[in-house]
Amino acid sequence: MTGMLDMDIIDISTLTHVASPFATILAALPALPIAGINWHSVLFLLFAGLACGFAIGVVAADNVVRMALYLVFSLGATAGLFFLAGAEFIGAMQLMIYVGGTLVLLVFGVMLTAQAPLVSIKPSSSDRTLTAVAGASLLSLLLTAAFSVDAWRGPGVGVVPAPSATPLGMALVGVRVDEPPVGTPVGGRVGYMLPFEIVSVHLLVVLVGAAYLARAKRRRTPRPIDALASAMPVEPVATVAPTGRSAGGAKSALVGGGR
Amino acid sequence: MMGLVLATVMVSSVASLAPCLATIPLFAVNPFTEPVGVVHYLVVGAVLFTAGIACMTLKRNALGILMGIELVLNGANINFVAFASPYLRAEGAPTLGLDGQVVALFVILLAAAEAAVALAITLNFYNNHATVDVDRADDLKG
């Protein structure tokens, strides 16, 4: 049991020279039963609690800005779980793509659509009850399935995982350099060159499509949101314009200002 | 420093409760003194998946539904990484190995792509209907 984060081999008594107010506290520390604590597991409990708690917070919150904030915390704690499982590259990608990219996108969406009545759309209480019952049933089903396999329950062996970034990068360009798992047929493994290319082209197409969908359009009829804006009592500026345009033309020019 | 001492006291006091907790199947492994197993990660994944499903069914805001989808994908990702990790399994037990991590990476990428497209659709819907309430999206209702 030599975990990567086992810190119980640190001799705290060597630190007692730092400062006299701390010395008494540090001298009292070895009396506490912290010697056998597996800090890897304690950190796991911390990150698991954060991830689950903020995920439930996303469900429970009504304000969409708070939901986005809770989602940031939940995804960040999940990145911590990935680090603890020895998947450090996946954890870094989780932080960079999910927390850094997707959440920025979501927060921009929230800000672009955050009119006052839309910030919190409350579901009805019967919907809440129904969702709670259905969620509890689904959770109990999943937990029963998770606990039904004995091989998944036992304590881990605590093998320090090898760094996975280099084998991951090599596998993505088609070369497997990682240790084959038990029972793998000899020469039976291929890399991930083709899925990598497919995902690359997929991302390119998706970005083009998203830019196409979200672009500002030229339209004949005013959008409802512009109709709302122009329904406000604004003094029409163009009525005194010497161009001879009618008031309706001035209104449509106002409406079309956002294209 | 006092906070550290308090935290240590709290952790150790909870750890002293471990014999009582050992009757619960989740705590058959003492999570304070032994390495965690796959099932602990599976529990976290299940909670995130359930929260995502509840979010998708409960929220009327289109962005809330998007966040539920993110939570569901994230819960699946936790399971992939847990099954890939040799740290969480017994000695010599078969794991997904690197394949699980590669799949998790692809899931993250596809989630980013899905969020971009879904957000563009949501913005388009907002431009056309001046709302993000999905109950108002009934133009195609027969």
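**A two-chain helical model: contacts, core and helix geometry**

Q: What does B:M67 touch, leaving out residues up to four places away in sequence?
A: In this predicted model, B:M67 touches A:V58, A:M67, A:A68, A:L71, A:L106 and B:C55, with residues up to four places away in sequence not counted.

Q: Which residues have the most contacts inside the largest nonpolar core?
A: They are A:A51, A:V58, A:L81, A:A85, B:L48, B:M67 and B:V81. The core itself has 81 residues.

Q: And which helices each supply at least two residues of this core?
A: From chain A they are α2, α3, α4 and α6, and from chain B they are α3, α4 and α5.

Q: Turning to the contact between the chains, how many residues does it take from each?
A: Chain A gives 92 residues and chain B gives 89 residues.

Q: Which helices of chain A each supply at least two residues of the side that touches chain B?
A: Helices α1 (20-28), α2, α3 (64-84), α4 (88-112), α5 (125-147), α6 (165-172), α7 (193-213) and α8 (224-230) each do so.

Q: How do the residues of that side divide into nonpolar, polar and charged?
A: On the side of chain A that touches chain B, 66 are nonpolar, 21 are polar and five are charged.

Q: At what angle do α2 of chain A and α3 of chain B pack?
A: The angle is about 10°, and the axes are 8 Å apart. Helix α2 of chain A covers residues 39-60, while helix α3 of chain B covers residues 38-58. Angles under 35 degrees count as roughly parallel, so α2(A) is roughly parallel to α3(B).

Q: Which residues meet there?
A: From α2(A), the residues are A:F44, A:A48, A:A51, A:C52, A:A55, A:I56, A:V58 and A:V59. They meet B:H40, B:V44, B:V47, B:L48, B:A51, B:A54, B:C55 and B:L58 in α3(B). The residues of this contact comprise 15 nonpolar, one polar and no charged.

Q: B:L58 is in that list; is it buried or exposed?
A: B:L58 is buried, as 21 other C-beta atoms lie within 10 Å. Its place is in helix α3 of chain B.

Q: What does B:L58 touch, not counting residues up to four places away in sequence?
A: B:L58 touches A:V59, A:P123, A:D127, A:R128 and A:T131.

Q: Moving within chain B, how do α4 and α5 cross?
A: Helix α4 of chain B (residues 62-84) and helix α5 of chain B (residues 98-129) cross at roughly 175°, and their axes come within 9 Å. Angles over 145 degrees count as roughly antiparallel, and α4(B) and α5(B) are therefore roughly antiparallel to each other. The residues of their contact divide into 19 nonpolar, four polar and two charged.

Q: What is B:N74 in contact with, leaving aside neighbours within four places in sequence?
A: B:N74, which lies in helix α4 of chain B, is in contact with A:L75, A:T78 and B:L48. B:N74 counts as buried, because it has 29 C-beta neighbours inside 10 Å.

Q: How far does α5(B) reach from its first C-alpha to its last?
A: α5(B) reaches 46 Å with its 32 residues, close to the 46 Å expected at 1.5 Å a residue.

Q: What follows α5(B)?
A: B:A130 follows α5(B). Its phi is positive, about 60°, although B:A130 is not a glycine. With 18 C-beta neighbours inside 10 Å, B:A130 counts as partly exposed.

Q: Back to chain A: how many helices and strands does it have?
A: Chain A has nine helices and zero strands. Buried residues make up 22% of its 259 residues. Among contacts in chain A with a separation of 6 or more, 52% are between residues 24 or more positions apart.

Q: How many residues of α3(A) are buried?
A: In α3(A), 15 of the 21 residues are buried, so this helix is largely enclosed by the rest of the structure. At 1.5 Å a residue, α3(A) should span 30 Å, and its end C-alpha atoms are 30 Å apart, which agrees.

Q: Where does A:G86 sit, and what is its phi?
A: A:G86 comes just after α3(A) and takes a positive phi of about 90°.

Notes:
Residues numbered from 1 in each chain as written. Chains lettered and ligands numbered in written order. Predicted model: local features only at pLDDT ≥ 70, side-chain atom pairs only at ≥ 80, totals over all residues. Axes fitted to C-alpha atoms, helices over the stretch in contact; angles between N-to-C directions. Helix = DSSP H or I, 4+ residues; strand = E, 2+ residues; numbered from the N terminus. Parallel < 35°, antiparallel > 145°, perpendicular 65-115°, else oblique. Contact = placed C-beta atoms within 7 Å. Nonpolar A, V, L, I, M, F, W, Y, C, P; charged D, E, K, R; others polar. Core = buried A, V, L, I, M, F, W, Y, C linked by C-beta atoms within 7 Å. Buried ≥ 20, exposed ≤ 12 C-beta atoms within 10 Å, placed from the backbone. Expected span 1.5 Å × (residues − 1).
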